[in-house]
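User: I'd like to learn how to read a fold from its coordinates, one feature at a time. Can we take one together?

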Amino acid sequence: MFDLKRDFTQWSGTALLVIISLIWGSSYLFMKKGLIAFTPVEMASIRLAFTSFCFLPIFLVHKNSIKPHHWKYLLIIAITGSGAPAFLYAIGQTGITSSVAGILGALNPIFTILVGVTLYGLKINTEKYLGIGIGFLGAFILIISGPNGLDFSSQNLGMSFLVVLAVFCYAFSSNTIQKYLPTMNPLAISSGAFFLLLFPNLAEAVHVGVLQESFWTTARKEVIIFILLLAFLGTFLANILYFHLVQKNGAVMAATVSYLIPIVSILLGVLDGEKLSEWQILGMVTILVGVYLSRK
């Protein structure tokens, strides 16, 4: 039977999925470009400080809706949803391509279910367990693979693991929002979380020297636009949209944005001259099969 409210929710959710996937899929390329002239710590701290400033006016509007008991959850969201992943991804992409980083992001739905089961009381069926296992197999294949075949070097394994850890962090954030802040305004969630990140990352940005004229070399001036795009689109705008999607459609459904993110990141990576090996393609397909089964 035709249900306007239900159908609108489904279509709006699908539209948000596509928009978020385009934004986050391009974020890996923005990080790659930013790392040309900035260190991972410099890029992550500038990114988070700029995003926090963007959220500050919104926080001032919504701060009265944030109750004292909300802050402990917002701290979890701040650390796992933005703070830690920004640094982990930046460091991780010094050793792997933007395409591979995007593919590993496809583990998000699997980790979301795993965290939901172990810590939040989520009930799942056998197919979901099978999907989790297959997804981890795909991640293992991807982690040990490189553009020229299997790569067991410590740098490749270590950098891949950091990206996987970043994806795992996102699962805590999504489940925390769905379980403890299901009716809270997404703008209040986002701005409150980034208010907690403002001063630590502003201090770190100052510490690395952003206020010093000598810091802004020609190379840094040329690529800062990628970090600002990463901050505004990939963190500021995408966080608002994603938190809204989690509330309206659930953490697991929202995590399926990871179906589309690898496609965007791979296409942009290839256009930028990156190559994928047969093993990396196999790993990606295996992960997506696992994600599909975990949605059953």
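User: Let's start with a single residue: is Phe38 buried or exposed?

Analyst: Keep in mind that this is a predicted model. The label comes from relative accessible area, and buried means under 20%. Phe38 has 3% relative accessibility, so Phe38 counts as buried.

User: Okay, and how many helices and strands does the protein have?

Analyst: Twelve helices and two strands. Going along the sequence, the order is α-α-α-α-α-α-β-β-α-α-α-α-α-α. Buried residues account for 55% of the 296 residues.

User: What share of the contacts links residues 24 or more positions apart?

Analyst: For that one, you look only at contacts with a separation of 6 or more; 88% of those join residues 24 or more positions apart.

User: Back to the inside, then. Which residues touch the most other members of the largest nonpolar core?

Analyst: A core like this is a set of buried nonpolar residues joined through their side chains. Here the largest one has 83 residues, and those touching the most other members are Phe38, Ile77, Tyr89, Leu104, Leu107, Ile189 and Ile287. Helix 9, residues 218-249, gives this core its largest share, with twelve residues.

User: Can you open up one of those? What does Leu104 touch?

Analyst: Leave out residues up to four places away in sequence, and Leu104 touches Ile96, Ala139, Leu142, Ile143, Ser160, Val163, Val164 and Val167.

User: Now aromatics. How many aromatic pairs does the structure hold?

Analyst: It holds 17 aromatic pairs. To read one, check the distance between ring centres and the angle between planes; over 60 degrees counts as edge-to-face. Phe38 and Trp216 have ring centres 6.1 Å apart and planes at 70°, so that pair is edge-to-face. Phe38 sits in the loop between helix 1 and helix 2, while Trp216 is in the loop between helix 8 and helix 9, so to speak a link across 178 residues of chain. As for cover, Trp216 is partly exposed at 27% relative accessibility.

User: And how do the rings of Phe59 and Phe195 sit, stacked or edge-to-face?

Analyst: Planes under 30 degrees apart count as stacked. The centres of Phe59 and Phe195 are 4.2 Å apart with planes at 10°, so this pair is stacked. Phe59 belongs to helix 2 and Phe195 to helix 8, so the pair ties together parts 136 residues apart in sequence. Phe59 is buried, with a relative accessible area of 6%, whereas Phe195 is partly exposed at 27%.

User: Which residues form one aromatic cluster?

Analyst: Phe55, Phe194, Phe232 and Phe236 form one.

User: What about the outside? Which residues make the nonpolar surface patch?

Analyst: For the whole protein, the accessible surface is about 13400 Å², and 70% of it belongs to carbon and sulfur atoms. The patch covers about 420 Å² and is made by Val18, Leu22, Leu260, Ile263 and Leu267. Helix 1 (4-34) and helix 11 (261-271) each supply at least two of its residues.

User: Leu267 and Ser265 look like a handy pair for practice. Which of the labels, buried or exposed, does each get?

Analyst: Exposed needs over 50% relative accessible area. Leu267 lies in helix 11 and is exposed at 54%. Ser265 is found in helix 11 too, but at 2% relative accessibility Ser265 counts as buried. Its contacts, not counting residues up to four places away in sequence, are Gly25, Tyr28, Ser98, Ser99, Gly102 and Ile103.

Key
Residues numbered from 1 in each chain as written. Predicted model: local features only at pLDDT ≥ 70, side-chain atom pairs only at ≥ 80, totals over all residues. Heavy atoms only, no water. Core = buried A, V, L, I, M, F, W, Y, C linked by side-chain atoms within 4.5 Å. Buried < 20%, exposed > 50% of the residue type's maximum accessible area, 1.4 Å probe, protein only. Helix = DSSP H or I, 4+ residues; strand = E, 2+ residues; numbered from the N terminus. Contact = heavy atoms within 4.5 Å. Patch = residues over 30% accessible without salt bridge, like charges linked within 9 Å, V, L, I, M, F, W, Y side chains within 5 Å. Areas by Shrake-Rupley, 256 points an atom, 1.4 Å probe, with all protein chains shown as cover. Salt bridge = Lys/Arg side-chain N within 4 Å of Asp/Glu carboxyl O. Phe/Tyr/Trp six-rings, centres within 6.5 Å; stacked < 30°, edge-to-face > 60°.
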